[in-house]
Amino acid sequence: MVAKYNPQEIEKKWQQRWAEDKLYEVTEDDPKPKWYALTMFPYTSGDLHIGHWYAMAPSDVHARFKRMQGYNVLHPMGFDAFGLPAENAAISRGIHPFTWTMQNVDNMRRQLRSMGAIYDWSREVITCQSEYYKWTEWFFLKLYEAGLAYRAKAPVNWCPRCQTVLANEQVIEGFCERCGAAVIRRDLEQWFFRITKYADELMEHEGINWPERIKIMQRNWVGKSIGTELSFALEQPGIDEKKIRVFTTRPDTTFGVTFMVLAPEHPLVAKLTLPEKKAEVEDYIARSRRQTEIERLSTEKEKDGVFIGTYVINRLNGERVPVWIADYVLLSYGTGAVMGVPAHDERDFAFAKKYDLPIRVVIAPPDWQGGELDEAYTEPGTMVNSGQFNGLPSQQGIEAVSDFLEKNGWGKRTITYRLRDWLISRQRYWGAPIPMIYCPDCGVVPVPEEDLPVLLPEDAEFKPTGESPLKYHEQFVNTTCPRCGGPAKRETDTMDTFMCSSWYFLRYASPDCDTAAFDDRVRYWLPVDLYTGGAEHAVMHLFYARFFIKALRDMGLVDFGEPFTRLFNQGIIIVERQKMSKSRGNVITPDEYVSELGADAVRAYLMFVAPWEQGGEWNDSGISGISRWLNRLWNLALEIYEHYNKDPIVHEEITQKLERALLRDTHQTIRKVTEDLEKMRFNTMIAALMGFTSRLNGAREGRSVSKGTLTRALDTLMLLLAPTAPHLAEELWQRTGHEYSIHNQNWPQWDEELARDEQITLVVQVNGKLRDRIIIPVSITEEEARQIALEREKVKAYLEDREIIKVIYVPGRLVNVVVR
Ligand SMILES: [Zn+2]
Ligand SMILES: [Zn+2]
């Protein structure tokens, strides 16, 4: 009887030993090539659920694999620690956000340690600590100096319950993502980062290996359109403005304009509305104010609007065009006005049908007979009903109309973007303070660098007042102006937490540097070689981090322009076909499984459950199966070892054929596991290890393989298992007489020659008569052998017009097709 597998005991033991030996701490003076493997750091919510492990365990396996392949691997971990929940906890439970956050950090760090990852904890980063946010503030000053930070009044999504500004993405169908309250709009003086300066560059993903869908999402987020801005003349006397501007990518359709739509907030609406329309228009504006931009732009929502009673002039044909307002037009996008061309735009077509507005074809489809359209024709065609431009193809028409508008001073070619600047002000306490001072004499004055950090006062009072608690903290607010020395006030808003996460990966490279945000070690480690995390960060964190690095590059602070060379997005773990959530009560915590089956079983199961990028369903019987495999593997290893040690006289017959087969199997498994790990196909990697375990067990039971081949196969299995089940592999490595540590061993190499399949000659018969011979690998399955046989030309000739009754297969020897 061999010793029993006891994960609880061995996992704790090895975690402690690895920590004591600083096994996974890395330095920069290492001759090996560097590899920076980064997993998105978790928010300090309190507990890790199995979804966190799903993000972290496979990426740790990959990092361990790279380490055994001979790389100097940095795999750090930290905590994204500022943000709303901590402050809400402070309000509701009377705990200081710092206390609440650090309690959560302690718990999460304990959970993470139980996973047995190679995190270099000496490089831990916690964004709410002043030694970190001091540099977040410093970066703000750098962006300000570079002209990339500015202050402006802007309408914001305001959650009356959370008492804070929300990003558009945090508003779900008009309601707060966090608390569910209805969101309203408000104007506030706030700080922005000029991310739009980098719009074109952010659309490019040159030289980086990112998933196509993330690149598409980022390009759509920038939303670049090339077109022409043109103006329509106003006919009202007594109005200063003489025109309304619109942007179009299809100036060739301008003769088809039959209405104009303004955003309800457009400054001219009040001036242009006829008295008899006033009540209706004001009512519509009030209704649209209660909606968020996302709702207003929703494609599901039926578009509606109100005619305000006045007209503008289409300068190309002198026609009067009625002016409407509709909430699908936003003042903050483009000019806040759009021309309605119902014949050639789907949305305009629906609007015209709804309100019985004329639909005039000006771009003829190829086979158009001059009749009415059933739907908008949005493709290129030939210009008709367009005066001097008739007969021009659309593409030429776009240029000709644009030239004509420019020549007359009625328009100009231009490029527009959907992307807007990054609003970073948050009216909250729990964030990095914005290091700016307002002086009645000098205006806006940045805090001098040597005065950083602007510390968050510890004794702020947390009341749901609607403004930052810092605003009511006299000692914080009142300061002296660094320029004139007179009394001045501090900015009391704090920064969006996405600012903290835009540079944390730089800090890991030099976490102990106290004279700068980072030092030369950044040159060694950055950019990140492999970044893994959820796809939901496509247009927020991943976008902001790219902007940040490009801005730093232009300031000469870093010498690269992309932070993450390769990006990989894992899928989501679901439970009973549903997403995990506290409200559903279906959250799986790793702790109970770790204490019952061991961290190695949880790690291996998460990789086995589904292709990593797809995600899969958590299932208790699935993890039991994995646990049984690890137990079998444990017993197998110890039985092989003890058999050959206690009973060194090998009395069985060694069969050359079985000997060769196990050697081939060993090399094929190395190849398969290596290739799968390189492509992050963890589920098929685990399947290959399971299959190899069974076959190795068969070879042991058969007692017909030499000690050397059997123990080499076993050693290989332990090494291939080491990234997935690091504790189990370490323990077995030691118990089978090897030197500590398995994790410092080289990754096994395969020999193509030894891995090559043995070939056999398969005889193919039709009704018992020899028709063909095929050379095939010995490992071929019955299904494959039948298929190959039936597709041979020589065989097909005898199958024509005949019915196949059955196909007989004798493994490794023949296929006989019986026909009638
Ligand atoms: Zn809320
Ligand atoms: Zn001053």
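**Close-up views of a predicted model**

**View 1. Strand β24 and its partners.** Let us start with Y438, which stands opposite K489 in β24. The model shown in this and the following views is a predicted one. Y438 brings us to strand β21 (residues 436-439), which is joined by two bridges to strand β24 (residues 487-490), and the two run antiparallel. Strand β24 also meets strand β23 (residues 478-480): here three bridges make the connection, and the strands again run antiparallel. To find a point where β23 and β24 meet, look for T480, whose bridge partner in β24 is P487. The hairpin of β23 and β24 has six residues between its strands, and G485 in this hairpin takes a positive phi near 80 degrees.

**View 2. An open sheet with a helix packed on it.** Four strands form this open sheet, in the order β32-β31-β34-β33 and with mixed pairing. Which strands lie at the edges? They are β32 (769-777) and β33 (804-810), each pairing on one side only. On average, neighbouring strands of the sheet are turned by 20 degrees against each other, direction ignored. Helix α26 (residues 782-791) packs on the sheet and touches β31, β32, β33 and β34. The direction of α26 makes about 125 degrees with that of β33. Within the sheet, strand β31 (residues 759-766) and strand β34 (residues 814-819) run parallel and are joined by four bridges. A pair to look for here is V763 with its bridge partner in β34, L814.

**View 3. Two rings that tie together parts far along the chain.** Aromatic pairs in this model come to 45. In the pair picked out here, the ring centres of Y198 and F547 are 5.7 Å apart and the planes stand at 70 degrees, so this pair is edge-to-face. Y198 sits in the loop between β9 (184-193) and α6 (199-203), while F547 belongs to helix α17 (residues 541-554), so the pair ties together parts that are 349 residues apart in sequence. Are these two residues buried or exposed? Both Y198 and F547 are buried. They also have company: ring pairs link F140, Y144, W191, F193, Y198, W422, F498, Y544 and F547 into a cluster.

**View 4. Arginines over tyrosine rings.** R17 lies over the face of Y740, at 3.7 Å from the ring centre. Elsewhere, R771 is found over the face of Y798, and here the distance to the ring centre is 3.8 Å.

**View 5. Helices α19 and α22 packing together.** At what angle do helix α19 (residues 599-608) and helix α22 (residues 682-702) pack? The angle is about 115 degrees, and the helix axes are 7 Å apart. On the α19 side, A604, M607 and F608 make the contact, and they meet F682, N683, I686, A687 and M690 of α22. Sorted by class, this contact of α19 with α22 has seven nonpolar residues, one polar residue and no charged ones.

**View 6. F65 and its surroundings.** You can find F65 in helix α2 (residues 50-68). F65 has a relative accessible area of 0%, so this residue is buried. Which residues does F65 touch, leaving aside those up to four places away in sequence? The contacts are T674, L677, E678, P723 and W747. For a sense of scale, K215 is 150 residues from F65 along the chain, and their C-alpha atoms are separated by 28 Å.

How values were computed:
Residues numbered from 1 in each chain as written. Chains lettered and ligands numbered in written order. Predicted model: local features only at pLDDT ≥ 70, side-chain atom pairs only at ≥ 80, totals over all residues. Heavy atoms only, no water. Phe/Tyr/Trp six-rings, centres within 6.5 Å; stacked < 30°, edge-to-face > 60°. Buried < 20%, exposed > 50% of the residue type's maximum accessible area, 1.4 Å probe, protein only. Lys NZ or Arg CZ within 6 Å of the ring centre and 35° of its normal. Axes fitted to C-alpha atoms, helices over the stretch in contact; angles between N-to-C directions. Contact = heavy atoms within 4.5 Å. Nonpolar A, V, L, I, M, F, W, Y, C, P; charged D, E, K, R; others polar. Pairing = 2+ DSSP bridges.
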